[in-house]
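Trainee: I am new to this protein and would like to be led through it. May we start with one residue and work outward?
Mentor: Certainly; please look at the display first.

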Amino acid sequence: IDAARRAAELGADAVLVRTPCFFKGLMTSAALERHYTAVADRSPIPVLLYNFTAATGVTLQPETVGRLAVHPNIVGMKESGGDIAQLSDLVALAPPGFAVLAGSASTFFAALCAGVGGGILALASLVPDACVRLQQLVSEGRLDEARLLQRRLLPLARLISTGHGVPGLKAALRLTGVDVGVPRLPLAPAPDAAIAALTAALHTFEETFA
């Protein structure tokens with residue numbers, strides 16, 4: 001709640017609130033519902049739910065999301081997993097005006113086809129035009145072109161997410177001329193082998209995306 005208030009004071013339009021995960025065995029649907037309701041009741045700006053099961057070991061179930069989605073200050077959700085069935089359930093349970101957003105660039109095309117409203121993607125920090133283009137192609141029904149673009153994005157997406165994570169993303173941004181510094185400890189900078197792989201993948205993608 002304090003963090004949401006600080007974000008509002010600094011000009012944020014909304015806050016993305018990750019599931020609590022300490023004593024994860026006790027993070028039941030009821031506990032998560034209490035948590036998000038308390039935050040949303042007191043946040044001066046809109047709240048988006050945030051599922052990041054790979055990092056937290058905790059999952060907001062679609063039924064819980066459906067109950068939280070009726071709160072007037074909970075406006076959407078980022079689902080970082082690539083489970084399309086989970087995303088489809090979230091889309092089906094979402095009331096009008098509630099945004100379900102994908103968090104995995106590796107499955108962005110499939111997620112858009114399942115009905116998500118957009119994405120919050122690490123890869124979009126690196127190749128934003130391509131990610132926007134993919135969403136536009138799907139919205140226009142140009143699925144063959146969108147599917148091809150997803151295939152071209154996949155090697156980069158995998159290197160950034162499951163491959164090298166934050167160090168990889170920072171290294172890739174530096175390769176494109178955007179120096180965002182080194183990862184915070186205990187993470188270490190990407191090794192030379194990762195940088196070589198990222199350089200090759202960026203070169204290949206730039207040759208095919210226009």
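Mentor: The side chain of His71 makes a polar contact with the backbone nitrogen of Asn73 at 3.0 Å. A polar contact is a pair of N or O atoms within 3.5 Å; within protein, one must be able to donate a hydrogen and the other to accept it, and residues adjacent in sequence count only if both atoms are side-chain atoms. This is a predicted model, in which local features need pLDDT of at least 70 and side-chain atom pairs count only at pLDDT 80 or more, while totals for chains, interfaces and linings use all residues. Residues are numbered from 1 along each chain as its sequence is written, and side-chain values use heavy atoms, with hydrogens and water left out.

Trainee: Where is the place of His71?
Mentor: His71 belongs to the loop between helix 4 (62-68) and strand 3. Helices (H or I, at least four residues) and strands (E, at least two) are DSSP runs, numbered from the N terminus.

Trainee: Is His71 buried or exposed?
Mentor: His71 counts as buried, because its relative accessibility is 15%. Buried means under 20% relative accessible area, exposed over 50%, and partly exposed in between (1.4 Å probe, protein chains only).

Trainee: Which residues does His71 touch, not counting those up to four places away in sequence?
Mentor: They are Thr37, Ala40 and Asp41. Contact here means heavy atoms within 4.5 Å.

Trainee: Let us move to the sheet. What is the order of its strands?
Mentor: The sheet is open, with 5 strands in the order 1-2-3-4-5 and parallel pairing. Its edge strands are strand 1 (15-18) and strand 5, each of which pairs on one side only. Two strands pair if DSSP finds at least two bridges between them.

Trainee: How do strands of a sheet pair in general?
Mentor: They pair through backbone hydrogen bonds, either parallel or antiparallel.

Trainee: Over how many bridges does strand 3 pair with strand 2, and over how many with strand 4?
Mentor: Strand 2 (residues 47-51) and strand 3 share 5 bridges in the parallel sense. Strand 3 (residues 74-79) and strand 4 (residues 99-102) are also parallel, with 4 bridges. Met77 has Leu49 opposite it in strand 2 and Val100 opposite it in strand 4. Further along, Lys78 stands opposite Leu101, and Glu79 has Ala102 as its bridge partner.

Trainee: How many residues of strand 3 are buried?
Mentor: Strand 3 is mostly covered, with 5 of its 6 residues buried.

Trainee: What about strand 5?
Mentor: Strand 5 (residues 118-119) pairs with strand 4 in the parallel sense over 2 bridges. There the bridge partner of Ala102 is Gly119.

Trainee: Which helices lie in the β-α-β units?
Mentor: Helix 5 (residues 84-93) forms a right-handed unit with strands 3 and 4, and helix 6 (residues 108-113) forms a right-handed unit with strands 4 and 5. Right-handed means that, with the strands pointing away from the viewer, the path from the first strand over the helix to the second runs clockwise.

Trainee: Back to strand 2. Which side chain is joined to that of Asn51 by a polar contact?
Mentor: That of Glu79, at 2.8 Å. The Asn51 side chain also reaches the backbone nitrogen of Leu60 at 2.7 Å. Asn51 is in strand 2 and counts as buried, because its relative accessibility is 0%. Leaving aside neighbours within four places in sequence, its contacts include Thr19, Val58 and Gln86.

Trainee: Which phi and peptide bonds are usual?
Mentor: Most residues other than glycine have a negative phi, and most peptide bonds are trans. Phe23, in the loop between strand 1 and helix 2 (29-42), has a positive phi of about 55° although it is not a glycine. Phe23 is exposed, with a relative accessible area of 59%. A cis peptide bond joins Leu185 and Pro186, with omega about 10°; Pro186 is in the loop between helix 9 (165-175) and helix 10 (192-208).

Trainee: Finally, how many helices and strands does the protein have?
Mentor: It has 10 helices and 5 strands. The radius of gyration is 18 Å, close to the 17 Å that the globule rule gives for 210 residues, so the protein is as compact as a globular protein of that length. That radius is taken over C-alpha atoms, and the globule rule is 2.2 Å times the number of residues to the power 0.38. Of the 210 residues, 39% count as buried.
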